[in-house]
Amino acid sequence: MALYEHVFLARQDISQQQVDALVEQYKGIIETNGGSVGRIESWGLRALTYRINKNRKAYYSLLNITAPAAAVAELERQQRINEDVLRFMTIRVDEHEEGQSAMLARRDDRRDRDDNKFGGRDDDRPRRPRRPRDNEAGEGAE
């Protein structure tokens, strides 16, 4: 059986529980057609680069699938019918990535950077005093 990475975008109007229900529905479709779903990642509600069907945001979900081509074709057919799915993309891969996907890793890196709230510097070097500008030197306006 082939290995696939499948990402789909769900409308912003629905709740996270409804997105999880969609994931379970699609997982069931894959399993009834002789495949299996490995890792499931929910990337959450993210802004779209451009509007899709009047939506500015969407829920992103990733499924790592091991299934025959017929199961993936049925999954895509069901997603074309469903009005809650804005876009989807299935890519055949040689092997599934271990650990987190690049999207989740990037989000964790961003959180680590936000933890340092005092100036954005990670080291304890003393700061160099700021030189006053010409108009801040205490001279009156001429």
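In what follows, Ala, Val, Leu, Ile, Met, Phe, Trp, Tyr, Cys and Pro are taken as nonpolar, Asp, Glu, Lys and Arg as charged, and everything else, Gly included, as polar. With that settled, here's what turns up in this structure, which is a predicted model.

The largest pocket comes up first. By those classes, its lining has 6 nonpolar residues, 1 polar residue and 2 charged residues. The pocket holds about 160 Å³ of space. Its walls are made by Glu5, His6, Val7, Leu9, Trp43, Arg87, Phe88, Met89 and Ile91. Two strands, S1 and S4 (85-93), each chip in at least two of these lining residues.

Strand S1 also matters for the aromatic rings. Searching the whole structure gives 2 aromatic pairs. Phe8 and Tyr26 make up an edge-to-face pair, with 5.5 Å from centre to centre and 85° between the planes. That pair ties together distant parts of the chain: Phe8 sits in strand S1 (residues 2-11) and Tyr26 in helix H1 (residues 16-32), 18 residues apart. Neither ring partner shows any surface by the numbers: Phe8 has a relative accessible area of 0% and is therefore buried, and Tyr26, also at 0% relative accessibility, counts as buried too. The cut-off behind that call is under 20% relative accessible area.

One more ring contact involves a charge. Arg46 lies over the face of Tyr60, 5.9 Å from the centre of the ring.

Conventions:
Residues numbered from 1 in each chain as written. Predicted model: local features only at pLDDT ≥ 70, side-chain atom pairs only at ≥ 80, totals over all residues. Heavy atoms only, no water. Phe/Tyr/Trp six-rings, centres within 6.5 Å; stacked < 30°, edge-to-face > 60°. Helix = DSSP H or I, 4+ residues; strand = E, 2+ residues; numbered from the N terminus. Buried < 20%, exposed > 50% of the residue type's maximum accessible area, 1.4 Å probe, protein only. Lys NZ or Arg CZ within 6 Å of the ring centre and 35° of its normal. 1 Å grid on protein atoms, 1.4 Å probe; cavity = no way out; pocket = protein on both sides within 12 Å on 5 of 7 lines; lining within 4 Å. Points joined across faces, edges and corners; volume = space filled by probe spheres on them.
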